[in-house]
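Grab a pencil and keep the viewer open. Here are some short exercises, each with a worked solution to check yourself against.

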Amino acid sequence: MSESQKVTRQEALTSDSGRTWLIVAGVIAALCLVMLWFMRELPPLGAATTGMVAIVIAYLAMIAIRFGVARSRLKLGLLAVLTIAIVLIFMTVGWITVFAA
């Protein structure tokens, strides 16, 4: 039997509880926050702090979605988008810091 390789049919996006997304995003967020903590004195001042706040807000939104949204597919899609958003926030702040130096 051949199973479909479509992204939309993966368990992480169709029937998972969302716990995996929280764990993965938590590890990613922790790594990003540590790096941003050491970047906070680099120009432009406040960029790293703003990134840290945005990452914390994104992760808190993930927790709220995990426990507050009933529709499984919608919940998992939002968790995936916010996990990617955490990485994009870090990359954006990194590029802003690089170009400001």
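This is a predicted model, so treat every value below as computed from it.

**Exercise 1.** Is Ile63 buried, partly exposed or exposed? Place this residue in the fold as well.

*Solution.* Start with the accessibility: Ile63 has 31% relative accessibility. Buried would need under 20% and exposed over 50%, so Ile63 counts as partly exposed. Next, find its element: Ile63 sits in helix α3. Finally, look across the chain: the C-alpha atoms of Ile63 and Trp21 are 9.8 Å apart, with their positions 42 residues apart in sequence.

**Exercise 2.** Describe the overall layout of the chain.

*Solution.* Count the elements: the chain has 4 helices and 0 strands. Read from the N terminus, that gives α-α-α-α. Now turn to burial: 30% of the 101 residues count as buried. As for the surface, the chain exposes about 6,700 Å², and carbon and sulfur atoms supply 72% of that area. Last, check the contacts with a separation of 6 or more: 71% of them join residues 24 or more positions apart.

**Exercise 3.** Which residues have the most contacts inside the largest nonpolar core, and which helices supply it?

*Solution.* The largest nonpolar core holds 21 residues, and Leu36, Ile55, Met62 and Ile86 have the most contacts inside it. At least two residues each come from α2 (19-39), α3 (47-68) and α4 (72-100). As background, nonpolar side chains in soluble globular proteins tend to be buried together.

Now zoom in on Ile86. Skipping neighbours within four places in sequence, Ile86 touches Ala25, Ile28, Ala29, Ile55, Ala58, Tyr59 and Met62.

**Exercise 4.** Compare the surroundings of Tyr59 and Cys32.

*Solution.* Take Tyr59 to begin with. This tyrosine is in helix α3, and its relative accessible area of 23% makes it partly exposed. Beyond four places in sequence, Tyr59 is in contact with Leu22, Ala25, Gly26 and Ile86. Its C-alpha is 9.7 Å from that of Ala85, a residue 26 positions away along the chain.

Then take Cys32, in helix α2. At 6% relative accessibility, Cys32 counts as buried. With the same neighbours left out, Cys32 is in contact with Ile55 and Phe90. Cys32 and Ile89 are 57 residues apart in sequence, and their C-alpha atoms are 9.2 Å apart.

**Exercise 5.** Which residues form the aromatic pair, and how are their rings arranged?

*Solution.* There is 1 aromatic pair to find. The partners are Trp95 and Phe99, with 5.4 Å from centre to centre and 25 degrees between the planes. Planes under 30 degrees apart count as stacked, so that is the label for this pair.

Why do the two sit about one helical turn apart? Because Trp95 and Phe99 are 4 residues apart in helix α4. Phe99, at 65% relative accessibility, counts as exposed. Both partners also belong to a nonpolar surface patch of about 670 Å², made by Ile84, Leu88, Met91, Trp95, Val98 and Phe99.

**Exercise 6.** Where is the cis peptide bond between Pro43 and Pro44, and what is its omega?

*Solution.* Most peptide bonds are trans. The bond from Pro43 to Pro44 is cis, with omega near -10 degrees. To locate it, follow Pro44 to the loop between α2 and α3.

Terms used: Residues are numbered from 1 along each chain as its sequence is written. This is a predicted model: local features need pLDDT of at least 70, side-chain atom pairs count only at pLDDT 80 or more; totals for chains, interfaces and linings use all residues. Side-chain values use heavy atoms; hydrogens and water are left out. A nonpolar core is a set of buried Ala, Val, Leu, Ile, Met, Phe, Trp, Tyr and Cys residues joined through side-chain atoms within 4.5 Å. Buried means under 20% relative accessible area, exposed over 50%, partly exposed in between (1.4 Å probe, protein chains only). Contact means heavy atoms within 4.5 Å. Patches are made of residues with over 30% relative accessible area and no salt bridge: like charges are joined within 9 Å, nonpolar side chains (Val, Leu, Ile, Met, Phe, Trp, Tyr) within 5 Å. Accessible areas come from the Shrake-Rupley method with a 1.4 Å probe; for residues, only the protein chains shown count as cover. A salt bridge is a side-chain nitrogen of Lys or Arg within 4 Å of a carboxyl oxygen of Asp or Glu. Rings of Phe, Tyr and Trp (its six-membered ring) pair if their centres lie within 6.5 Å; planes under 30 degrees apart count as stacked, over 60 as edge-to-face and the rest as tilted.
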